[in-house]
Amino acid sequence: MSSADLSALNSRFAIPGHVQFKDGPGGLAIAEIANRHAEAMIALQGAHVMTWQPRGQEPVLWLSRFGKFAPGKSIRGGVPICWPWFGPHAEDAKLPSHGFARTVMWEMLESKALSEGATFISFGMIETDATCAQWPHPSSAQLRVTVGAELKIELVTRNTGSAPFQLGEALHTYFHISDVADMAICGLEGCAYLDKVGGGSACKTQQGPIVIESEVDRVYLDTEADCLIEDRGLKRQIRIATRGSRSTVVWNPWTDKAEKMGDFGPEGYRGMVCVESANAVDNVVTVLPGAEHILLAVISVEALAG
Ligand code: TA6
């Protein structure tokens with residue numbers, strides 16, 4: 001971003017002791033947030049929450065050190081926004097997987113210092129001829145983020161047209177863990193899921209906590225449960241609470257897929273797991289004309305009992 005644009009952003013939206021804008025990796029404009037509760041970085045491209053670290057905690061989000069930061073390229077890690085579809089496009093394989101929202105520019109809408117010391121910041125996706133060509137439904141997308149001792153993210157979709165549309169979406173969150181062998185994911189016991197490993201879609205049922213010992217790529221359906229990532233190595237658990245999300249996606253690429261993707265780095269897959277708050281597959285959302293749909297995720301960190 002040009003220094004003139006950066007200074008315009010700072011003059012309109014910077015708040016001392018809360019938020020400032022800078023040139024980040026790959027020249028991506030970044031909102032740098034630091035308050036008494038936490039620090040975070042959010043790229044304007046994709047309104048992509050890259051990092052979040054509560055004071056006194058290890059980073060909670062995983063961000064690859066081997067990611068390619070460049071205009072139009074999705075960032076590996078943090079919270080990519082999958083919108084307005086999840087996974088491959090239903091009809092046109094040429095369209096980008098997970099939609100286009102995460103690789104287009106978003107604009108600043110508002111920044112605010114909250115009374116209890118957290119920082120509120122919101123973004124609006126910038127429509128272009130290219131996005132309208134991929135998604136011919138009059139609509140708007142906004143992201144509202146509150147950075148504090150918790151991380152609150154709302155993905156807000158409005159149908160501004162005269163016909164309903166079906167929305168697939170996810171906050172595709174990458175979490176930092178001590179080691180994949182030292183953690184388990186609770187909250188999805190007994191849930192039905194689609195096992196996508198190897199391109200499959202077998203429907204299975206979750207037995208007990210999720211332990212990862214090979215590639216895992218699962219879409220849990222019809223669930224609004226909180227998920228807990230129990231990290232024995234860091235003696236903490238990360239809670240993901242949602243509203244407006246009926247699917248949860250759990251993904252770890254393991255060795256071969258991580259190597260093929262090329263931006264995880266050596267053994268990078270061991271330090272991350274994706275627990276994604278979503279509406280996907282059977283859980284896509286019908287948004288009626290004039291209606292608004294909000295996908296909310298609240299991420300917090302708790303001590304691990306025992
Ligand atoms: O959410 C899991 C998933 O759909 C996996 O199948 C894998 O493709 C992952 O998303 C990452 O996709 P990306 O397009 O960001 O490389």
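Q: Strands are DSSP runs (E) of at least two residues, and they are numbered from the N terminus. In this predicted model, where does Gly78 lie?

A: Gly78 belongs to the loop that runs between S4 and S5. The preceding strand, S4, spans residues 48–54, and S5 spans residues 81–82.

Q: Is Gly78 buried or exposed?

A: The general idea is a cut-off: a residue is called buried when its relative accessible area is under 20%, and exposed when it is over 50%. Gly78 has a relative accessible area of 0%, so it is buried. A distance then adds a tertiary neighbour: Gly78 and His48 are 30 residues apart in sequence, with their C-alpha atoms 7.1 Å apart in space.

Q: How should one read the sign of phi, and which value does Ala47 have?

A: Most residues other than glycine have a negative phi. Ala47 is not a glycine, yet its phi is positive, near 45°. The residue is located in the loop between strand S3 (38–43) and strand S4 (48–54). With a relative accessible area of 1%, Ala47 is buried.

Q: In which element is Trp254 found, and what is its phi?

A: Trp254 is part of helix H3, which covers residues 254–261. Its phi is near 60°, again a positive value in a residue other than glycine. Trp254 has a relative accessible area of 19%; because the cut-off for buried is under 20%, this residue counts as buried.

Q: Is the peptide bond from Trp83 to Pro84 cis or trans?

A: As a general expectation, most peptide bonds are trans. The bond from Trp83 to Pro84 is cis, and its omega is near 5°. Pro84 is placed in the loop between strand S5 (81–82) and strand S6 (106–113).

Q: Turning to the ligand, which residues surround it, and how does the shell divide by class?

A: A shell is read first by membership and then by residue class. Around the ligand stand Arg76, Phe86, His98, Arg102, His172, Lys196, Asp217, Val249, Trp251, Met261 and Glu276. By class, the shell comprises 4 nonpolar, 2 polar and 5 charged residues. The ligand itself sits in the second largest pocket.

Q: What are the distances from ligand oxygen atoms to the side chains of Arg76, His98 and His172?

A: The relevant cut-off for a polar contact is a pair of N or O atoms within 3.5 Å. For Arg76, an N or O atom of the side chain is 3.1 Å from a ligand oxygen. A polar side-chain atom of His98 is 3.0 Å from an oxygen atom of the ligand, and for His172 the distance from a side-chain N or O atom to a ligand oxygen is 3.0 Å. As for coverage, the ligand has 390 Å² of accessible area on its own, and the protein covers 85% of it.

Q: Where is the place of His172 in the fold?

A: His172 is in the loop between strand S11 (169–171) and strand S12 (174–176). Its relative accessible area is 6%, so His172 is buried. From C-alpha to C-alpha, His172 is 9.4 Å from Val250, although 78 residues separate the two in sequence.

Q: What distance separates Asn252 and Asp217 in sequence and in space?

A: The two are 35 residues apart in sequence and 6.6 Å apart in space, C-alpha to C-alpha. Asn252 belongs to strand S19, residues 247–252, and at 0% relative accessibility it counts as buried. Asp217 is one of the residues that surround the ligand.

Q: Which backbone atom does the side chain of Gln206 reach?

A: The side chain of Gln206 reaches the backbone oxygen of Pro209 at 3.5 Å. Gln206 lies in the loop between strand S15 (202–205) and strand S16 (216–220). Its relative accessible area is 6%, and Gln206 is therefore buried.

Note on methods
Residues numbered from 1 in each chain as written. Predicted model: local features only at pLDDT ≥ 70, side-chain atom pairs only at ≥ 80, totals over all residues. Heavy atoms only, no water. Near = heavy atom within 4 Å. Polar contact = N/O pair within 3.5 Å; in protein donor to acceptor, adjacent residues only side chain to side chain. Areas by Shrake-Rupley, 256 points an atom, 1.4 Å probe, with all protein chains shown as cover. 1 Å grid on protein atoms, 1.4 Å probe; cavity = no way out; pocket = protein on both sides within 12 Å on 5 of 7 lines; lining within 4 Å. Sits in = over half its atoms within 2 Å of the grid points. Nonpolar A, V, L, I, M, F, W, Y, C, P; charged D, E, K, R; others polar. Helix = DSSP H or I, 4+ residues; strand = E, 2+ residues; numbered from the N terminus. Buried < 20%, exposed > 50% of the residue type's maximum accessible area, 1.4 Å probe, protein only.
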